[in-house]
Amino acid sequence: MKKEVIEPLRTLHDLSKAINSTLDIEEVVEMVQEKTSSLMGSDRVLILLLDRHKGALKVYSAYGFEEGELWVKWFRDVRPFDHCIVQKGTVITLEEIVPEDDYKELVYVTPVLADMVFAPLEIKGEAYGLIGVMGDRRSFTAVELEIFCALGSQSAVAMENANLYRKLRNAFLHTAEALAEAVNSRDPYTGGHTRRVCEYSIKMAGALGLSKREKETLRLASILHDIGKIGIEDAVLRKGGVLTEDEELKMREHPAIGAHILGIVEEMRDVIPGVLHHHEWFDGSGYPGGLKGEDILLQAKIIAIADAYDALTTDRPYRKSMNGEDALEELTADMGTHFAPSLVEIFCSILRKDKGVVI
Ligand SMILES: [Fe+2]
């Protein structure tokens with residue numbers, strides 16, 4: 001087989017392997033852009049997604065464009081381009097699908113669009129959008145155009161898979177949140193505790209520069225941190241006042257119960273430590289492990305702060321809520337005993353900046 005065929009096929013194969021190695025939609029799109037750019041020798045790559053109901057193409061991502069170069073976000077009333085899917089290797093230009101007047105205006109403000117060709121992003125014979133590179137039909141060989149279209153199909157499948165995975169994950173997170181709220185509704189917390197603890201935790205994760213994976217683990221651990229309360233009897237959980245020593249001991253079982261429940265699910269392995277240790281104290285006087293300082297996992301220390309802040313700033317049957325600033329001072333007073341000092345400082349600076357949260 002000729003070298004000019006083998007090389008692009010090899011790159012296409014590499015692309016296929018790479019984009020199917022992740023289910024993170026942002027990573028998939030990034031790889032598609034980079035590989036398309038190198039395979040087709042184009043310094044710009046444009047991905048457009050089709051909204052069939054509106055008959056419009058939306059700019060999904062623009063690689064290599066200068067800031068402000070591409071101010072158009074939608075192309076409306078586009079003509080169908082399904083023929084590209086039927087006739088493999090067929091590419092189109094925007095001029096062929098955008099209404100004439102719109103096209104004139106479009107290339108007047110963004111002239112580079114007139115120098116691009118597009119291949120369909122295709123899934124099971126249906127156009128999902130377009131992927132564009134610099135050049136015209138004459139600048140590519142027939143083989144290159146075939147490969148460009150094959151690349152469009154590969155990219156579309158990988159993007160769709162990642163999207164489906166994201167939807168599935170969101171559904172799972174919402175189910176976990178609903179379950180946690182159902183458990184929380186039994187005790188004297190006001191509604192929304194789970195969601196707020198999760199939001200505060202994720203803000204901390206952002207400030208600490210945690211990885212995507214660490215953030216996702218923290219998100220789940222913060223949602224499920226009190227799931228073990230499902231195993232605490234109403235007489236203790238709903239008492240609302242000061243607990244007796246015996247009741248306190250029972251209440252203190254909830255992190256271990258939660259960890260036990262989550263232990264049934266293999267995929268929850270990383271989430272368990274955050275749930276199990278969210279009541280540890282920085283000075284070692286917490287429970288259930290009596291862990292101290294750096295021995296306490298970061299996610300557990302974050303949840304402890306988020307949990308305490310939300311408890312202080314919401315009404316409880318036995319006391320009124322504090323305002324945000326007073327609650328932050330309370331957390332600051334407990335630095336080094338209950339909470340990790342550096343994390344409290346970060347939490348305070350986040351919330352003080354975020355005027356929408358501090359009352
Ligand atoms: Fe708890």
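Here is a short chat about the iron site and the largest pocket of this predicted model.

Residues are numbered from 1 along each chain as its sequence is written. Local features need pLDDT of at least 70, side-chain atom pairs count only at pLDDT 80 or more, totals for chains, interfaces and linings use all residues, and side-chain values use heavy atoms, with hydrogens and water left out.

Visitor: Which residues coordinate the iron ion?
Guide: Donors are N, O and S atoms within 2.8 Å of the metal (3.2 Å for Na, K and Ca), and water is not among the atoms, so sites may look incomplete. Here the contacts run at 2.1 to 2.3 Å, and the iron ion is held by Asp-226 (OD), His-254 (NE2), His-278 (NE2) and His-279 (NE2).

Visitor: How are those donor residues of the iron ion spaced in sequence?
Guide: The pattern reads D-x27-H-x23-H-H. Asp-226 and His-279 thus link distant parts of the chain, and they are 53 residues apart.

Visitor: Is Asp-226 buried or exposed?
Guide: Buried means under 20% relative accessible area, exposed over 50%, partly exposed in between (1.4 Å probe, protein chains only). Asp-226 has 3% relative accessibility, so Asp-226 counts as buried.

Visitor: Which element gives the most to the lining of the largest pocket?
Guide: A pocket is an open set of points on a 1 Å grid over the protein atoms alone, where a 1.4 Å probe fits, with protein on both sides within 12 Å along at least five of seven lines; lining residues have an atom within 4 Å of a point. Helices (H or I, at least four residues) are DSSP runs, numbered from the N terminus. Of the 35 lining residues, 10 come from one element, α6.

How values were computed: Helices (H or I, at least four residues) and strands (E, at least two) are DSSP runs, numbered from the N terminus.
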